[in-house]
Amino acid sequence: MTGKLPQSFQSLTSMKKIYLQNNQFTGNVDVLTNLPLDDLDLGNNQFTGGIPEKLKGIIQKSNSNTGSSGPAPPSPPGAPPANRSSTHSKKSGGNGSPSSGGGGNDSGAKSGISGGGVAGIVISVSVVGAVAVIFIIKKRRRKSSTDIEKLDVQPFALDSQEVKDTISTTSTEAIETPTAVPLKPPPINPHKSIGGDDISAKPIVPQKKTHTAERNVVQYSISDLQMATDSFSVENRIGDGSIGSVYQGHFDNGKVLTVKKLYSSELRNPENFVKMVPDISQLDHPNVTELVGYCSEDGQHLLVYEFHKNGSLHDFLHRMDEGSTRLITWDSRVKIALGIARALEYLHEVCSPFLVHKNIKSENILLDADLNPHLSDSGLASLMADVDQGLNHNIESGYGAPEAAVSGKCTTKSDVYSFGVVMLELFSGRKPFDSSRPRSEQSLVRWATPQLHDIDALEKMVDPALNGLYSVKSLSRFADVISLCVQPEPEFRPPMSEVVQALVRLVQRANMSKRLHGIDQDSDAQD
């Protein structure tokens with residue numbers, strides 16, 4: 001194995017023994033510093049830099065390879081290059097004969113591999129083999145060439161800096177890392193903030209939620225909101241959601257705001273409404289709809305939000321008119337997916353304590369004048385009952401994760417599933433559940449998932465409104481992200497920070513293609 005140790009090794013918080021000897025790893029070993037290791041072998045590699053103090057004792061007692069007990073040198077004395085390739089001598093035709101079981105201890109000494117080294121290699125091969133078997137069972141191979149297999153889920157193995165480094169380089173070296181390993185993403189700290197590059201040159205790096213600079217939330221009276229909405233008239237009604245009705249309000253200061261009138265029957269503890277408003281108001285992210293004010297009076301509970309003139313993503317996708325033609329572009333759809341992914345990354349991994357949205361759907365994604373997405377109803381889950389009309393509606397409409405339908409509980413992983421369904425909407429232009437279609441096509445996830453790894457099928461599945469104006473490889477990478485998000489088993493779905501990284505990488509590759517004279521095939525081949 002070659003290259004640097006992946007940053008994801010930091011997440012192996014239960015790992016006790018690691019054997020990495022007899023490879024060609026480079027870089028430092030700092031990612032292993034905080035792991036609870038009691039047995040570590042790094043011998044016969046090309047590591048540079050010193051050994052962290054926490055690892056020195058472990059390496060000294062477990063190391064069985066000559067020259068690797070000190071600060072891991074680039075080429076340990078007593079371990080010449082020929083020894084490193086001895087285990088591959090059948091392929092390379094080197095001077096050393098392959099181990100055949102008859103070499104005894106003398107043969108082992110010549111190759112620099114001890115009994116512990118052999119055990120380490122066997123364990124490593126077994127783990128990779130097991131993951132590969134899972135990968136084959138879980139995902140059907142595409143009919144396309146191997147460059148599509150290489151994506152494609154690889155961004156899930158990289159941290160933010162590695163994504164930037166990979167995209168910024170113009171190297172044409174092939175990526176040899178197996179794509180099977182990231183299928184089941186490693187666990188991460190739910191409070192860790194991982195910011196990705198923005199579509200623009202200015203990256204959005206989310207910060208930890210804080211209450212040190214609280215926003216001023218306006219407390220409205222019922223009469224104020226009645227005047228703004230013309231007594232909640234039908235003409236001002238924007239829509240009816242699972243937890244409340246939404247109205248457009250025109251206020252005396254000339255502002256147009258959105259007024260959400262919550263169904264009192266759906267509130268878990270109405271008396272906690274006022275207590276929760278400050279927490280909801282502190283949600284501060286460019287892709288999360290801002291709470292402006294509230295009203296709690298005479299048993300009524302209302303929330304006032306910023307207004308977005310282009311309405312919901314649902315309306316744009318499923319009620320197309322002349323004013324929504326801009327959304328037809330593929331780039332706009334990727335931009336919307338990335339914005340909502342960042343909003344969920346913020347809720348799941350930046351806010352402390354983290355928040356589960358529970359109601360991810362295209363109706364709750366609002367679009368501003370520039371088609372930037374804003375996730376509404378964020379933070380309301382704490383006010384609503386776990387098994388309520390909203391959750392049931394989410395399941396029946398095709399957004400709900402399988403485990404939520406069984407347990408009645410939503411988690412960050414069920415949010416990831418619902419986001420994957422929204423991505424399918426953006427991809428196909430279809431509703432998550434459509435009773436007007438043939439029975440086999442009514443459930444979008446059930447119809448689409450068997451085809452997500454077939455490059456020929458993708459072009460037949462994509463929204464006809466796109467008129468063929470897209471990169472096939474961009475479709476393929478987008479479909480890979482969808483596939484991981486809608487995995488039936490929650491543990492196979494990636495955290496949102498890794499989804500953000502994958503979508504950022506997709507956008508950066510597309511931008512690179514445009515810079516290279518619009519030759520998508522050439523740039524993608526080097527990606």
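**Model confidence, a helix pair and the surroundings of Ser397**

In this predicted model, the protein chain has a mean pLDDT of 74, with 65% of its residues reaching 70 or more. Two stretches fall in a lower range: over residues 61-114 the pLDDT stays under 50, and the model has 70 contacts beyond four places in sequence for this stretch, while over residues 519-527 the pLDDT likewise stays under 50, with 19 contacts beyond four places in sequence.

Helix H11, which spans residues 330-350, packs against helix H14, which spans residues 412-428, at an angle of about 170° and with the two axes 10 Å apart. Because angles over 145 degrees count as roughly antiparallel, H11 is described as roughly antiparallel to H14. On the side of H11, the contact is made by Trp330, Arg333, Ile336, Ala337, Ile340, Ala341, Leu344 and His348, and on the side of H14 by Thr412, Asp415, Phe419, Met423, Leu426 and Phe427. When these residues are grouped by class, the contact of H11 with H14 consists of 10 nonpolar, two polar and two charged residues.

A further site examined was Ser397, which lies in the loop between helix H12 (389-396) and helix H13 (402-407). The relative accessibility of Ser397 is 18%, and this residue therefore counts as buried, the cut-off for that class being under 20%. When residues up to four places away in sequence are not counted, Ser397 touches Pro432 and Phe433.

Conventions
Residues numbered from 1 in each chain as written. Predicted model: local features only at pLDDT ≥ 70, side-chain atom pairs only at ≥ 80, totals over all residues. Heavy atoms only, no water. Axes fitted to C-alpha atoms, helices over the stretch in contact; angles between N-to-C directions. Helix = DSSP H or I, 4+ residues; strand = E, 2+ residues; numbered from the N terminus. Parallel < 35°, antiparallel > 145°, perpendicular 65-115°, else oblique. Contact = heavy atoms within 4.5 Å. Nonpolar A, V, L, I, M, F, W, Y, C, P; charged D, E, K, R; others polar. Buried < 20%, exposed > 50% of the residue type's maximum accessible area, 1.4 Å probe, protein only. pLDDT = per-residue confidence, 0-100.
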